[in-house]
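Please open the model in your viewer and keep the sequence beside it, so that each selection can be made in turn. The tour moves from one stop to the next, saying what to select and what is there.

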Amino acid sequence: MISYDRQAGGSRPLPACPTPPEQQLTPLDTALSVSGLRKSYGDRQVLKGVDFAVAPGELVVLLGANGSGKSTALRCVVGLAEADAGEIRLAGRRLRGLGGAELAKARRAAAMVFQQIHLVRRRSALDNVCAGGLAGLPLSRSLAPAFFPRELRERAMACLQRVGLADRAHDRAGSLSGGQQQRVAVARALCQGAEVLLADEPVSALDPAAATQVMALLAELARRDGLAVAAVLHQPDLAREHADRVIGLVDGEIRLSCHASALSESDIDALYQSEDS
Ligand SMILES: Nc1ncnc2c1ncn2[C@@H]1O[C@H](COP(=O)(O)OP(=O)(O)OP(=O)(O)O)[C@@H](O)[C@H]1O
């Protein structure tokens, strides 16, 4: 598996890759739509007006060199970074103008998993998944099994079943392999009831077999369960194998949007070698 991990800098333009008509999604088609997204840190413009959309049932992979803005785009969707400008719609709801509990509720339509898996290692897989269904409670309470109603435990068990780990429900999360822990994190996102699943380098810490298994799970959650899934990857081969579409960022701008199967070696070189040219 080839993994690209180089820093983006200059911006050799990629060959034009127009979005095919069937991919020109309207906000009504989409579970997630982002338009005109801008974000700066200090005087560094990290996102320069990014537009993309993800429909229910599709897996979209974001590719691009280190620092191109992929994570920031996803983090703006879930509120881990605050956008300076632009519009985000989640499950048909425009986030702009919402605040407080309404905004938190609208944002619960999206859940995010990370390279660093963030499970409570000493708790069971099931308790960790239950925590996903308790959004809004303080962590200390949400991790106290006494607060988990039976319905929640049943829902969490169904989510573990969905990711193929029902038989490990009562094992400590810390005793599971990295790939299994990532699948527990996905189950926790499912237990939240999210329609949009965002994954930031979900397989970067996994061996090739576990990486393939996690990507196959994400694709299945899109195609079989109808989730809208967006994943940041550094492995174009995995994108080709599992994604429906690929979006490529260079220096805070989208320079590529195409069917995953149409992703060419020259596209990949242009995304990752822009600094060297
Ligand atoms: N909290 C922050 N404060 C300051 N700068 C930040 C912050 N978060 C990200 N950046 C900067 O924003 C730019 C884009 O970062 P981002 O993590 O979105 O890139 P990326 O494409 O996901 O990269 P990578 O593949 O390395 O994860 C980088 O230059 C990064 O240093």
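Begin by selecting Arg38 and Ala85, where Ala85 in E4 is the bridge partner of Arg38. Widen the selection to strand E1 and strand E4 (residues 85–90), which run antiparallel and are joined by five bridges; strands (E, at least two residues) and helices (H or I, at least four) are DSSP runs numbered from the N terminus, and two strands pair if DSSP finds at least two bridges between them. Residues are numbered from 1 along each chain as its sequence is written. Keep in mind that this is a predicted model, in which local features need pLDDT of at least 70 and side-chain atom pairs count only at pLDDT 80 or more, while totals for chains, interfaces and linings use all residues.

Now add strand E2 (residues 44–54), which pairs with strand E1 (residues 32–41) in the antiparallel sense over eight bridges. Within this pair, look for Ser33, which stands opposite Ala53 in E2. E1 and E2 form a hairpin with two residues between them, and Gly42 in the turn has a positive phi of about 60°.

Next, select the residues around the ligand, which are Tyr41, Val46, Gly64, Asn66, Gly67, Ser68, Gly69, Lys70, Ser71 and Thr72; a residue is near a molecule if its C-beta atom, placed from the backbone, lies within 6 Å of it. Helix H1 (residues 70–78) gives the largest share of this shell, three residues. By class, the shell has two nonpolar, seven polar and one charged residue, where Ala, Val, Leu, Ile, Met, Phe, Trp, Tyr, Cys and Pro count as nonpolar, Asp, Glu, Lys and Arg as charged, and the others, Gly among them, as polar.

Turn now to the open sheet of six strands, whose order is E6-E7-E8-E3-E9-E10, with mixed pairing. Strand E6 (110–114) and strand E10 (253–259) stand at the edges with a single partner strand each, so one side of each is left without a neighbour in the sheet. From one strand to the next, the twist averages 20°. At the E6 edge, five bridges join E6 to strand E7 (residues 196–200), and the two run parallel; here Ala111 stands opposite Leu197 in E7.

Which helix lies across E6 and E7? Select H6, which lies across both and runs at about 170° to E6; axes are lines fitted to C-alpha atoms, for helices over the stretch in contact, and angles run from 0 to 180 degrees between N-to-C directions.

Keep helix H6 (residues 178–191) in view and add helix H5 (residues 150–162), since their axes come within 9 Å and cross at roughly 135°. H5 and H6 are therefore oblique to each other, given that angles under 35 degrees count as roughly parallel, over 145 as roughly antiparallel, 65 to 115 as roughly perpendicular and the rest as oblique. Arg155, Ala156, Cys159, Leu160 and Arg162 in H5 meet Ala187, Leu190 and Cys191 in H6, two residues being in contact if their C-beta atoms, placed from the backbone, lie within 7 Å. This contact of H5 with H6 has six nonpolar, no polar and two charged residues.

For the last stop, select helix H3 (residues 125–132) together with H5, whose axes come within 9 Å and cross at roughly 110°. H3 and H5 are therefore roughly perpendicular to each other.
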